[in-house]
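Grab a coffee and work through a few short exercises on the structure below. Try each task yourself before you read its solution.

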Amino acid sequence: MASKGLAIAAAIIIIIIIIGAAAYYMTQKPAPTTTTTTSSSASSTSTSSSTTTSAAPSKPVLTGNFEKDVIAIGKYLESKGIHTVKFTVWATGDPNSVMRMYGLYEAAYKINQIWEKNGINVKIVMNKFWESSFKKLYDEFTSAVPQGTNGDFFVNSYIYIANLASQGYILDINSYVEKYWDSVFKDFYTPIMEAAKYKGHYYGVPQDTEARPIYVRKDVAACMGWDISNLAQLVKEGKFTWHDMYKKAEEAVSKGCAKWGLIHRKGSAHPDLIQFIFAYGGKLYDEKTGKLVLDVPAVYKWFMTEYVFAQHKLLPKDMMSWDWAQQIHPTVVNDCKGSPTGCTLFFIGGTWHWTEWQTKAYYYDPSTKKQRPLTPEEEVKKFYYTLFPAGDPGDKPVTLSQPFMWMIAENAGKDNPNYDQLKDVYHELAFLMVVGASDPEINAIHSVISGHVPVRKAAAALLKNETWINDLINMKLNLSPDVKQAIEPIVKKTASKINIQFLANVSYMLEYTHLAPSHPLYPKLAGFFADAINKVLMGEMTPKDAVNYLIQKIKADPQLSANVEIVGSIPSGWSFP
Amino acid sequence: MKIGRKLTLLFFLGPALFIVVLFYIVPLFLSIYISFTPMTDWNINRYLTQFIGLQNYERLIHIMMYDPDMRAVIITTAVFIAVTLAINVFGGLLLALATYFMDEKLSLAYQGLWLLPRMTPVAVYSLLWYYFFHSSGIGLLNAILMRLHLISHPIALGLDPKYLPWGAWFIIIFVNGLVGVSYGMIIFYSAFKSIPKELIIAARVDGASTSRIIRHILLPLTKWHFTFITVWQMLSLLTSFAQIFLLVEWRVVDSTWGQTWALYVFRTAFTTVKDQGLAAAASTFLSIIGIALGLVALKALGYKKMILEPKGDI
């Protein structure tokens, strides 16, 4: 019996070995080659042939002249038998920020046009991946790079530059930027350009920036009998502080003018709530030591401010778990009476919300009992905006910017033929695409349709150009058909003179802006801030306990402890409001 | 044992052994290996060959000693496993008994209903409970309780310090228990069904009540299954985190009292700084605890006795 079983087993093993060997042979056998001569079609994907008759072009080196560099790279790639270059962009943001993807599509279109005009048979083909959460996209990117499945372009917040650069996941573009300094990057606003640096080298190119205004509901203020016409000036001068914010919020709720005094973001403390630290005169980074800072007095004051708001039911205790689409936005935009959510006097928002409210159906229209977007005119009627006020008298008002960056993956171009030999050329081409996407017109379009602030002066100038504005509104700009089609619905809803005026009105806020530190461990510290403020809002911890909790969390992790300075102590004799 | 028999055994066990080695043993050793490297952000090229000795373990012990959340993580893990395990095993057993004595068609429909949570994708399933337990008026539970005038304001069951840690524990145990209970139900039910009908009929003829049939026939004959489900579910719960992660991430459940050790490992490895070296050290601890608990459970449930060759007449 046993010998019979053995024979069957041996037979099956032999069969498996034969099948395995056959499969191995099949996989090793080279695929049939398709000898293709150079196609006249620009979209040909042939890579196996080259019909170079004249001397092969030498390896291109960037000169700072966009068209010249594009032609040189095109000719070089063509001489190597490359006729199609594939790039993928991974981008993130609010629904109106699609130019973070299409900016690169537009750049590819312009480069393709240059090549076609010069008889170069190479074409860039773009792919895209969009993720609404910038943190999630970052997580996906860091997991994908080691596997080589990442996008070639990564458009995300500058706060990730430090970590991505230190891990070697994104390209050091310092030498490229230097070449294009005079022709392109000199025009960028210096603080925003500086945010693209890590250890003195550029690892990204600014794509947009923004301010985070406090939105004040005009109808609620009118109901309270509060004249807010001079509020922005008072805030600017530091004469209206968070203590006054509390008094007004309390008045709005007690008079029955609003359900809430204050509403802010959910989920994380970075970036919106970090403004409190700066508003209370604190800091997050020590330039001298290069370490993060836990500024105890400022953090305590932040926690106490929110604690008092929440304890007095002016701010929801469960604010950090509110739903953006179902709770936060509706509460901010809805009428105070007749809407299911009620309303708020203040909202810690961002400039991009201005256009988001015009494209997403957050507003509950009591007359139709349906949700719809607001019109620009309705927004002007509803909202006043100002800087984030100073914490205490004597402190300064602030705002916080989180510039988004075009970053190039260290393996950009990996999906193209002969990557190992042509790596540098693909990198240069990727950089030229970023240069193309930094075109003032693309930057200005993005600003108008997404409510972000331009990163370069030439784009800001376009926003003051009546002819250009009319061309945008009427979609007469010279854009690629694909991009035109993709952004037309957003342009129709958002490209208005009111919105452009809004951008002009908030641009002064950048003079007061702060940036969160570009440090590899900052995201970890910001995560602790989020947990701590949630506990404070929920009443699980007092502000003092929460600060001690933060200190304990930092000290418990040797890595963080070595990178964070804990400065100051809980202020005595300070009270809020 | 003869070589031929050994080869036969190897042949039949081979595929299963291969899968176990490839998907269980190799990852376990890989994880242990990573715990001796400074791996972060999955930077394999840079860190895979850097050996840092016991640094990650030293860091982990330091964190366990001084991090204010770690005590809660350990207690939550113990409570979560103990209570959910009891629900999964005894709940599954009760459901199996109930469906066993039901009409066949009704029984299948009833079982199908209990299987729904298991068939629903994790994200969708978690989203359902997110909207059910949400701390505001959009939460279904709050809406129902307010409609019934049992509460005047929405309650944040998983977040409000008034209800912590019980509220957070209740949500994570409830959500996981509802998925796990169907597993026990299916195994026990099929075990009951495999018992010869004659035994039950004979007992009935002799006047045995349902409870006596359960106590003296059904339960004794399904000891194996009881052992299997207990050990299997315990080890599964020790490493499960998917639903909990989403509920914590969406802030329906408190991040301190809703965090189990497995979730701590996941968050350390995959969120913010992505400290895979440290996470691997933490997961090695989890593996050791899992192996120890598994062995203790097998011993306590008389596994050795069960696998002895029958001593009766042949």
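Here are four exercises on this predicted model, each with a worked solution.

**Exercise 1. Helix 13 of chain A**

Work out which residues of helix 13 of chain A are buried, and what they pack against.

Solution. Start with the span: helix 13 of chain A covers residues 324–333. Next, count the covered positions: 7 of its 10 residues are buried, so we can call the helix mostly covered. By name, the buried ones are Q327(A), I328(A), H329(A), P330(A), T331(A), V332(A) and V333(A). Finally, look at the partners. On the strand side, these buried residues pack against strand 7 (214–217), strand 8 (260–263), strand 11 (344–348) and strand 12 (363–365) of chain A. Helix 14 (351–359) of chain A is also among the elements they pack against.

**Exercise 2. Two domains in chain A**

Find how chain A is divided into domains, and how many residues each one brings to the contact between them.

Solution. First, the bounds: domain 1 takes in 66–210 + 403–439, and domain 2 takes in 215–400 + 513–567. Their centres, taken over C-alpha atoms, are separated by 34 Å. The contact draws 12 residues from domain 1 of chain A and 14 residues from domain 2 of chain A. On the domain 1 side, helix 5 (residues 161–166) of chain A gives the most, with 4 residues. Sort that side by class and you get 7 nonpolar, 3 polar and 2 charged residues.

**Exercise 3. Chain B and its side facing chain A**

Describe chain B overall, then pick out which helix gives the most to the side that touches chain A.

Solution. Begin with the make-up: chain B has 15 helices and 0 strands. Its C-alpha atoms fill a box of roughly 75 × 65 × 30 Å along the principal axes, and 36% of its 314 residues count as buried. Now for the interface: 35 residues of chain B are in contact with 38 residues of chain A. Helix 1 (3–34), helix 2 (44–47) and helix 3 (55–66) of chain B each supply at least two residues of that side. Helix 1 of chain B gives the most, with 5 residues. By class, the chain B side divides into 16 nonpolar, 10 polar and 9 charged residues.

**Exercise 4. Placing L127(B)**

Is L127(B) buried, exposed or partly exposed?

Solution. Locate the residue first: L127(B) is in helix 6 (residues 122–133) of chain B. Then count its neighbours: L127(B) has 15 C-beta neighbours inside 10 Å. Buried needs 20 or more and exposed needs 12 or fewer, so L127(B) counts as partly exposed.

Definitions and conventions:
Residues numbered from 1 in each chain as written. Chains lettered and ligands numbered in written order. Predicted model: local features only at pLDDT ≥ 70, side-chain atom pairs only at ≥ 80, totals over all residues. Contact = placed C-beta atoms within 7 Å. Nonpolar A, V, L, I, M, F, W, Y, C, P; charged D, E, K, R; others polar. Domains from an automatic or database assignment.
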